[in-house]
Amino acid sequence: MSTNAHITSHRKPRRPATQSWAVRTGVAGGVLSTLAVTGAAQATAAEKPAEATIEMPALTADLSSSIAQTAVATQQTANDYQVRAQVDTAVDHARAAAKKAKQEADRKAEAERKAAEAKEKREAEQARASRDAKRSALSTKTATASEDDSDSSSTGSKSDSGTSTSTDTSTSSKSSTGATGNAATLVAFLQAQVGKAYVMGSTGPSSYDCSGLVMAAYQQIGISLPRVSQDQSTAGTQVGLSNLQPGDILYWGSAGSAYHVGVYIGGGKFIGAQNPSTGVVERDLSYSPPTGAVRVM
């Protein structure tokens, strides 16, 4: 290659002076525009914090009001729970006290019931012992009278002696109850039933209810009575309690709707099937005064 050969240059060609000035002018204008925009933006940014500062108190007041309302609601809820807990505690105490009172009442009632049953049992045993003693005395008296009649009447017949004994026995029975004839038969039957069990709906011979005993007693003298106490209380003529005779039917409750019956045996006493605890007993009228009485015989 020749030393004078043309070598291509990599430099940019020089611009004309006019073109360079125009470029410089454009650049300067752009810089000035940028500065102007930046200044305007800074002025706008400087004004915005003032607007935010004006609105902050209103937001803070609303938030405080909301917090206060929430605190009041929370306190009210806590108070409600406390009141409810106190009410529940009071209810529990009241239930416990009521349960304890009921248990105490039941205990007292049971003790009273047992005491009443024991009293009834003692009275029944005493009445049975008294009745046995009377029967023993009557048997002894009858035997003694029979021996006296036999010794004093050597020419009397055996039948006469038997008649005398029967007369003495009848007289003794009459003196104790005042009953004669059918009434005496009725009373004797009733006395033989004392101590037997009370069973609802039973008419004998080992147990009775109240109307079943009265019906069975009157059957001994050929008189048929209604089965239940309500009907038995109107089966005869009404009589006053101050004018009673042996064999009169006593009733408790109203005539026609009586709930219990018994039989007056004289001497201020009656016999009746009282209840499952006592069975058939002999009692004074004062033990359980009847409401009324009817006379059938």
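1. In this predicted model, strand β6, which covers residues 269-275, pairs with β7 in the antiparallel sense over six bridges. Within β7, D284 is the residue that stands opposite K269.

2. The wider arrangement is an open sheet of six strands with antiparallel pairing, ordered β3-β8-β4-β5-β6-β7. Its edges are formed by β3 (237-239) and β7 (279-284), and because each of these has a single partner strand, one side of each is left without a neighbour in the sheet. From one strand to the next, the twist averages 35°.

3. Two helices should be considered together with this sheet. Helix α3 lies across β5 (260-266), β6 and β7, and runs at about 115° to β5, whereas helix α4, residues 210-219, packs on the sheet with a direction that makes about 45° with that of β5. The strands touched by α4 are β4 (249-252), β5, β6 and β7.

4. As for α3 itself, the helix comprises 13 residues, 181-193, and reaches 19 Å from its first C-alpha to its last, which is close to the 18 Å expected at 1.5 Å a residue. Its buried residues include A183, A184, L186 and V187, and F189, L190 and Q193 are buried as well.

5. Two local backbone features deserve a check against the model. Just after α3, G195 takes a positive phi of about 100°. Further along, G204 and P205 are joined by a cis peptide bond with omega at about 0°, and P205 lies in the loop between β1 (197-198) and β2 (207-208). For context, most peptide bonds are trans, and most residues other than glycine have a negative phi.

Conventions. Residues are numbered from 1 along each chain as its sequence is written. This is a predicted model: local features need pLDDT of at least 70, side-chain atom pairs count only at pLDDT 80 or more; totals for chains, interfaces and linings use all residues. Side-chain values use heavy atoms; hydrogens and water are left out. Helices (H or I, at least four residues) and strands (E, at least two) are DSSP runs, numbered from the N terminus. The expected span of a helix is 1.5 Å times one less than its number of residues. Buried means under 20% relative accessible area, exposed over 50%, partly exposed in between (1.4 Å probe, protein chains only). Two strands pair if DSSP finds at least two bridges between them. Axes are lines fitted to C-alpha atoms, for helices over the stretch in contact, and angles run from 0 to 180 degrees between N-to-C directions. Contact means heavy atoms within 4.5 Å.
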